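Got your viewer open and a selection box ready? Let's walk through this one stop by stop.

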Amino acid sequence: MQTVTRPFTDTRWFSSTRHRRPVQRGSEFEWRPYGVTHAREAGAYFTACGLSALEWRIFWLLPFHPGVDDACPECAAALSRPTIARVESDSDVTTATLGKIAEALGLTLELKGR
Ligand SMILES: [Zn+2]
């Protein structure tokens, strides 16, 4: 069986929150997430858990990390779901074809059972 999986720490997912708060850094302030932090892709109107987030803040320097306290559990679950193409080994799909599919989707091709 061949499996295509997406690494859990996917840098396409940024932190996005309904609110933000200023945090002092030396003599300056920096905006940081406030409240539940959701996962959101650049240009997406919705979070990974399906909330409409058009007016929300997106933190371009903060990739979404599912392990932190304020991380939305639904977003974490959505990202942990394997993005999978399972193909039986007697299928006509070749490894090269799977590799092209994985590359197009930004996934890592992992071969098992060969
Ligand atoms: Zn969420």
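The tour goes from the whole chain to a sheet, then to a core and one of its residues.

Keep in mind as you click around that this is a predicted model. Start with everything shown as cartoon: you should find two helices and seven strands. Trace the chain from the N terminus and the elements come up as β-β-β-β-β-β-α-α-β. Of the 114 residues, 18% count as buried. Among contacts with a separation of 6 or more, 62% link residues 24 or more positions apart.

Next, select 13-17, 38-41 and 57-63, which are strand 2, strand 5 and strand 6. Together they form an open sheet in the order 5-2-6, paired antiparallel. Strands 5 and 6 are the edges, each pairing on one side only. Look along the sheet for the twist, which averages 50° from one strand to the next.

Now zoom in on strands 2 and 5, where four bridges join the antiparallel pair. To see a bridge up close, pick Ser15 and its partner Ala39 in strand 5. As background, strands of a sheet pair through backbone hydrogen bonds.

Then switch on side chains for Trp13, Phe14, Ala39, Ala48, Phe64, Cys72, Cys75 and Leu79: these eight residues make up the largest nonpolar core. Strand 2 and helix 1 (73-80) are the elements that give two or more residues to this core.

Last stop: which residues does Phe14 contact, leaving aside its neighbours within four places in sequence? Select Arg40, Ala42, Ile58, Phe59, Trp60, Leu62, Pro63 and Phe64 and you have them. Phe64 is also a member of the core you just displayed.

Terms used:
Residues are numbered from 1 along each chain as its sequence is written. This is a predicted model: local features need pLDDT of at least 70, side-chain atom pairs count only at pLDDT 80 or more; totals for chains, interfaces and linings use all residues. A residue is buried if 20 or more other C-beta atoms lie within 10 Å of its own, exposed if 12 or fewer, and partly exposed in between; C-beta atoms are placed from the backbone. Two residues are in contact if their C-beta atoms, placed from the backbone, lie within 7 Å. Two strands pair if DSSP finds at least two bridges between them. Axes are lines fitted to C-alpha atoms, for helices over the stretch in contact, and angles run from 0 to 180 degrees between N-to-C directions. A nonpolar core is a set of buried Ala, Val, Leu, Ile, Met, Phe, Trp, Tyr and Cys residues joined through C-beta atoms within 7 Å.
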